[in-house]
Amino acid sequence: MKKCRVRKVDTISKNRQYICPFCSCDTKCSSRLTRKRRQQNNRLAEASGFFDFIPSVLARHNLNATTRDYGHWMEDLAKYRPYASLTNIFLFGSHDAGTYGISRASTIAPDADSSVVSLLDNLGWVGAHRIIRNWAKTQNLHVEQQLLHGSRYFDLRLAIDSRDGQIYTMHTLWAAPLGEILGSIATFMRRHTQEVIILDCQDIRGDIEDVLHNFVNLLKTYDLYQLLAQPRLNANIMTPLSILIEAKQQIFVILPEQYTRHMILQTYNRSDVLRSKWFNRSHVDELSKLLYDDLVSLNDLNSKLIIAQGVLTPG
């Protein structure tokens, strides 16, 4: 019989305490947990140490919770837990990170579903655009503000707009230009030199070589190319944050498998480094439970990034 208690990471690692999914922290845990379940619970307990760590970040930078400035949290965490890697901490992420750029002037993008075209046909541009815009826009904050709020994982859908030949993000509608996003990241990295960022380019439309050539040119323009994590240099998502930061391998670019064979840009195969699964429920409690149950059921939480995400569909 052990008391189930969520403690700070260093305490957990020393005393081998575990989170029990079957009881509250105030009750005694009967459960004769299997070794596999203990390992899973320990993994979640260690990851939860990040949230215990937040008050020390606020104290160090003389912040209060309302300022929401988490610009240095990875730097602090790397010192607090020098062997922590991307795969054993919780990361905040931004879904469709560039959609803050969607406006009334945004036109239909290449990734638009056929149902959007039908909506336009039925309601007309003026009537349908507001509905589409409200659905497509998932972010209100500029990328630099997202970074300051703690986000380090960015979901990007990319295509070249034939009107000006530039790469833009998209989500049914054309959104912010990639150059603006990378410029924001560059500005942030100049002031926060010990953070690690993940760019998950999970959808690319158009000529892939043109997109990647333009991507490389933008990275070089904003002095980010030298910060790319590269597989040939043995930088990977299981490398401790402190080592990635010291080696200046701080920006991970992830692409779908069919694009990684292009040698224009050193990237990581999406299916090798992360698991991205969508859950759809009509109630928040159901969705939260489903996400939690999914996490604790995984056999190996340390070899990939696990994207925990879901959709709330009104019932």
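This section describes the internal cavities of a predicted model. Two cavities of 30 Å³ or more are present in the structure.

The largest cavity encloses about 40 Å³ of space. Three secondary-structure elements each give two or more residues to the lining of this cavity: strand S10 (274–281), helix H11 (284–297) and strand S11 (305–312). The lining is made up of Arg275, Lys277, Phe279, Leu291, Asp294, Leu295, Ile307, Ala308 and Gln309. By residue class, five of these lining residues are nonpolar, three are charged and one is polar. Phe279, Leu291, Leu295, Ile307 and Ala308 belong to the nonpolar group, whereas Arg275, Lys277 and Asp294 carry the charged classification. Gln309 is the polar residue of the lining.

The second largest cavity holds about 30 Å³ of space. Its lining comprises Asp96, Ala97, Gly98, Thr99, Asp155, Leu156, Arg157, Thr169 and Met170. At least two residues of this lining come from each of strand S4 (151–161) and strand S5 (166–171). Strand S4 provides the largest share, with three residues. In the second largest cavity, the lining is divided into three nonpolar, three polar and three charged residues. The nonpolar residues are Ala97, Leu156 and Met170, and the polar ones are Gly98, Thr99 and Thr169. Asp96, Asp155 and Arg157 account for the charged residues of this lining.

Key: Residues numbered from 1 in each chain as written. Predicted model: local features only at pLDDT ≥ 70, side-chain atom pairs only at ≥ 80, totals over all residues. Heavy atoms only, no water. 1 Å grid on protein atoms, 1.4 Å probe; cavity = no way out; pocket = protein on both sides within 12 Å on 5 of 7 lines; lining within 4 Å. Points joined across faces, edges and corners; volume = space filled by probe spheres on them. Helix = DSSP H or I, 4+ residues; strand = E, 2+ residues; numbered from the N terminus.
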